[in-house]
Amino acid sequence: MILEIIMDILLIIGAISFFNLLVALFKVRRIMKMQKDNPNIQGISIVNGEVKIIEKGQMPDEMVKEKSPAEEIVIDPVCHKEIKKGDAYRVFKDGKEYFFCSWDCREAFLKADHIQIEEK
Ligand SMILES: [Zn+2]
């Protein structure tokens, strides 16, 4: 029966993930034992089955957050106001992206090609 096959597959998948979990737990335990005299340990992270030690003053790559692009400050070429990229209205023109503080500035930019654009 098809249903039985599906149940079998689910059972196998469940068994495999349970096994993986056990392996991960053993890895963590072993590393905890190895590192128990290390005073700098702050924690352990498991990424894609790899167990990593987090020490003081050292964060794993995935936890180091770069300044979000949306927080980047850009200059409105029409009114020269400084605006956050995340809040800006955008226009792609001649392969370049321009950011505007308001819809009005965006419209003004699109309508008036004679506006001088600051190149930075
Ligand atoms: Zn503006």
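**Notebook: strand S1, the zinc site and the overall fold**

I began with glycine 43 and located this residue in strand S1, which covers residues 41-47. The model I am reading is a predicted one.

I next looked up the surroundings of glycine 43. Leaving aside residues up to four places away in sequence, glycine 43 touches Lys52, Ile53 and Ile54. For isoleucine 54, I noted the backbone distance as well: its C-alpha atom lies 5.0 Å from that of glycine 43, although the two residues are eleven apart along the chain.

I then checked how far strand S1 may be trusted. Among the elements of the protein, S1 has the lowest mean pLDDT, 74, while S4 has the highest, 95. I keep in mind that predicted coordinates should not be read in detail where pLDDT is low. For the protein as a whole, I recorded an average pLDDT of 82, with 84% of the residues scoring at least 70.

I turned to the metal. Which residues coordinate the zinc ion? I found Asp76 through OD and Cys79, Cys101 and Cys105 through SG, at 2.1 to 2.2 Å. The angles among the four donor atoms run from 97 to 122°, and the site is tetrahedral. I wrote the sequence spacing of the donor residues as D-x2-C-x21-C-x3-C.

Two of these donors, cysteine 79 and cysteine 101, link distant parts of the chain, being 22 residues apart. I placed cysteine 79 in the loop between strand S3 (73-75) and strand S4 (82-84). I placed cysteine 101 in the loop between strand S6 (96-100) and helix H2 (103-111).

Are these two cysteines buried or exposed? I entered cysteine 79 as partly exposed, because its relative accessible area is 32%, which lies between the limits of 20% and 50%. Cysteine 101 has a relative accessibility of 22%, so I entered this residue as partly exposed too; buried would require a value under 20%.

I closed with the whole protein. How many helices and strands does the secondary structure hold? I counted two helices and six strands, and read along the sequence they follow the pattern α-β-β-β-β-β-β-α.

I also looked up burial and surface. Of the 120 residues, 19% count as buried. The protein exposes about 9,900 Å², and carbon and sulfur atoms supply 59% of that area.

My last entry concerns contacts. Of the contacts with a separation of 6 or more, 15% come from residues 24 or more positions apart.

Key
Residues are numbered from 1 along each chain as its sequence is written. This is a predicted model: local features need pLDDT of at least 70, side-chain atom pairs count only at pLDDT 80 or more; totals for chains, interfaces and linings use all residues. Side-chain values use heavy atoms; hydrogens and water are left out. Helices (H or I, at least four residues) and strands (E, at least two) are DSSP runs, numbered from the N terminus. Contact means heavy atoms within 4.5 Å. Donors are N, O and S atoms within 2.8 Å of the metal (3.2 Å for Na, K and Ca); water is not among the atoms, so sites may look incomplete. Four donors count as tetrahedral if all angles lie between 85 and 135 degrees; four count as square planar and six as octahedral if opposite donors are over 155 degrees apart and all others between 65 and 115; anything else is irregular. Buried means under 20% relative accessible area, exposed over 50%, partly exposed in between (1.4 Å probe, protein chains only). Accessible areas come from the Shrake-Rupley method with a 1.4 Å probe; for residues, only the protein chains shown count as cover. pLDDT is the predictor's confidence in each residue, from 0 to 100.
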